[in-house]
Amino acid sequence: MTYAGFLPPLVLVLLYATAAVMYLHWFLRRDNGGAGRSIFLGATVLLHLGWTVHAGVSLGRHPVATVPEFASFTALCLAGIYLASEIIHRNRHGGVFAIPAVTLLQLIAVLSAGSDPSLRPGLEQSRFGLHTGVLCGAWASFVLSFIYAVMLILFHRALRRRQFGRIFEQLPPLAVLCRMMNRTAFVGFILLGIGIGAGLVEMASVRGITLDVRLMSAGLGWLIYGFLLLSHLLPEWTERRTAIFNTIAFVSLILVAVGHAFCDSWHRW
Amino acid sequence: MSDSSIDVIGVNYTSAPLRVLETVAFGRDAVVPILSELKQIPRVQEVVLLSTCNRTEIYCRAERDSFAPFAIRRWLLDRGAAGGLEERHVYHHMDQDAIRHLFAVVCGLDSMILGETEIVGQVQQALNDAVDAGCAQSGFISLFNAAFRTGHRARAETEIDRGTTSVASAAVHMARRVAGELSDVPALVIGAGDTGTLVTKYLKDQGARVCVVNRTMERARGLAACMGGRAAALDGLEEELAGADVVIACTSSPRPLVSNEMVERVQKRRHGRILCMVDIGVPRNVEPGAADVSNVFCSTMSDIEEVVKRNLAKREAQKPLVAAIIAQETDRFQRARRTLDVGPLILRLRDSFEELRKEELARFAHRIAQGDPQAAEDLTRSLTNKLLHFPTLAIRELAQERDAVEKARWLEQLFGLDKNISQRRERK
């Protein structure tokens, strides 16, 4: 079974799009409620998780071996990590930006399903599943951390410029944004480390470890995020600088990912 | 239709100067005797006295076209005469306007601070006092309940009460926007004056762990003891700054109490943790350069005033929406009131018909018991004749009047005659 011709991914796109509209509506109305949105999103995430497990069982392998599966699993991780962040920090403002990103990823999963290539040998192995699955989680965490970083920069700018308008009133408090940004970056850092480790073990068992562009950029990304997490120990360092650093690191990772999509030789396995 | 009218006679901050308003401001202990006195006025059915720092209003329900409202107006003028209260200071709204006025008061449209919510509690208290004194019954209870419903709708469906509008609450709001929820957050209040007291209260309401620092230690101790916080001497300010995540300075000290160097030293001790400072002291209590220290966010009085101004402007923009809700609810209340007014008439009509039916049944009971086949025919004919006796006389008299045709049409509508005729024709 592949994504092609299979209905649930499209249903999931619609459900996530509905959740995105609900979050946007709540954000614009500026009321205190909104628990219904979170429950709806939680139900969608559970449905997505159930479908992913079902797909894995039906395929007889891990469900993160192809591009559509990777996109869908990243969407699931992003929605799940966002929901956890929302519950922990009791703040659902990030959903206005995170859920559209989830919808977009799920849409990419559906649209790329038609060009689903046959699996290369070895990709169905569970070690590879651990490598890609954990990296999906890392990507999702970095996306969320990037969203929080951008929100933090906007909030900081409004505060410094004495602009007490919509951005100042609508975004989460500055200290909460800092916590959310740093915690999601920390989760991403841990997952990226596990993902790289699992990939290296996989590579070593197949053909020995060789450095390529993707591996180096992942390692560099891991170091950047590591520095970012420890940066508050530096004297005179501000949370705004952490946020700027976070956005630069994320954009760099995106550029490498895009480069890899066009240049297969950037990552050999 | 209604045989009673609703009036409001009052004075508020827009109609009279404060010194005049003060002469007719009544404390809670004076309310019940005044209500009893007003209830003694002939034709007064219900009366409620609302007296706050911004208004004194008397709501009364009296027999329609009676002089009771004017007697109440006279009473109010007499009470305030010594303080300079004149005819021009007193407003008097009747029926629809009085209802609309009450709804506007509860919605906060008529308040000095637009959309304030404190007025709801004050109106509720006024009603409770009147009910306890036996001066308000079902009529006013339903009117005031409609007012509370209107107030609830206005606050739920519009943003009339959104955003802080006082300097002290805006300062705490600013701290919340930077530091997040203040529950269990260490907060430092510099100054124990009126503003300091309010700030401490708002911080405590948010669950912050408050420490009060003041030049006079006694005053700091008093405020801290009253609010459940901690007090510290001004000498230990730097020490207290290092332990706080939120600092609100509100003294009238002629020179800044918090210097740039002090904030720099404090931030080093805090390992650069975010420090939110709100300086609402006049002149400034915190040196301007403190805002440049890393991870220190310092808001000033001008920022707070800007926030308050914005919030008030936002509330102002909500006025038409609230006015629309008030118009809807006034209309709804009036319709309900009119329905209630005809209730007794319907009851009397039914009772009268029922009495006739029983009389006729008793008169024909003997013939029915004997099984007389003509009894049912005679009973129903007699009943019809008796039911239509007075309406028939009235219609004959009505035929002599100028607007006879119009009234005849109304009667047709009342008895559904057009409908009956058409139904009979359909049956044939």
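Trainee: How much area does chain A expose, and what share of it do carbon and sulfur atoms supply?
Mentor: Keep in mind that this is a predicted model. Chain A exposes about 12,600 Å². The share of that area supplied by carbon and sulfur atoms is 72%.

Trainee: And what percentage of chain A's residues count as buried?
Mentor: To count as buried, a residue needs under 20% relative accessible area. Chain A has 269 residues to sort this way. The part of them that ends up buried is 51%.

Trainee: Okay, which elements is chain A built from, helices or strands?
Mentor: Walk along from the N terminus and you read α-α-α-α-α-α-α-α-α. The strand count for chain A is zero, and the helix count is nine. So going by the rule that helices and strands are DSSP runs, chain A is built from helices.

Trainee: Is Leu46(A) buried or exposed?
Mentor: First, find Leu46(A) in helix H2 of chain A, which covers residues 35-59. Its relative accessibility is 61%, and the cut-off to pass is over 50%. That's why Leu46(A) counts as exposed.

Trainee: Which residues form a nonpolar patch with Leu46(A)?
Mentor: This patch sits on the surface of chain A, and its members have about 410 Å² of accessible area together. Besides Leu46(A), the members are Leu49(A), Val53(A) and Val57(A).

Trainee: Let's hop to chain B. How many residues of strand E2(B) are buried?
Mentor: E2 of chain B spans residues 44-51, which gives eight residues to check. The strand is mostly covered. The number buried is six.

Trainee: In what sense do E2(B) and E3(B) pair?
Mentor: E3(B) takes in residues 55-63, and a hairpin of three residues joins E2(B) to E3(B). One spot to look at is Val47(B), which stands opposite Cys60(B) in E3(B). Over seven bridges, the two strands pair in the sense called antiparallel.

Trainee: How much area is buried between chain B and chain A?
Mentor: Start with who takes part: chain B brings 22 residues to the contact and chain A brings 25. Carbon and sulfur atoms give 50% of the area buried there. The total buried between the two chains is about 1,900 Å².

Trainee: Last one: which residues meet in a salt bridge between chain B and chain A?
Mentor: The count between these chains is one salt bridge. Its N to O distance is 2.9 Å, and the cut-off is within 4 Å. The side chains that meet belong to Asp303(B) and Arg162(A).

How values were computed
Residues are numbered from 1 along each chain as its sequence is written. Chains are lettered from A and ligands numbered from 1 in the order in which they are written. This is a predicted model: local features need pLDDT of at least 70, side-chain atom pairs count only at pLDDT 80 or more; totals for chains, interfaces and linings use all residues. Side-chain values use heavy atoms; hydrogens and water are left out. Patches are made of residues with over 30% relative accessible area and no salt bridge: like charges are joined within 9 Å, nonpolar side chains (Val, Leu, Ile, Met, Phe, Trp, Tyr) within 5 Å. Accessible areas come from the Shrake-Rupley method with a 1.4 Å probe; for residues, only the protein chains shown count as cover. Helices (H or I, at least four residues) and strands (E, at least two) are DSSP runs, numbered from the N terminus. Buried means under 20% relative accessible area, exposed over 50%, partly exposed in between (1.4 Å probe, protein chains only). Two strands pair if DSSP finds at least two bridges between them. Contact means heavy atoms within 4.5 Å. Buried area is the accessible area (1.4 Å probe) that two parts lose on being put together, summed over both.
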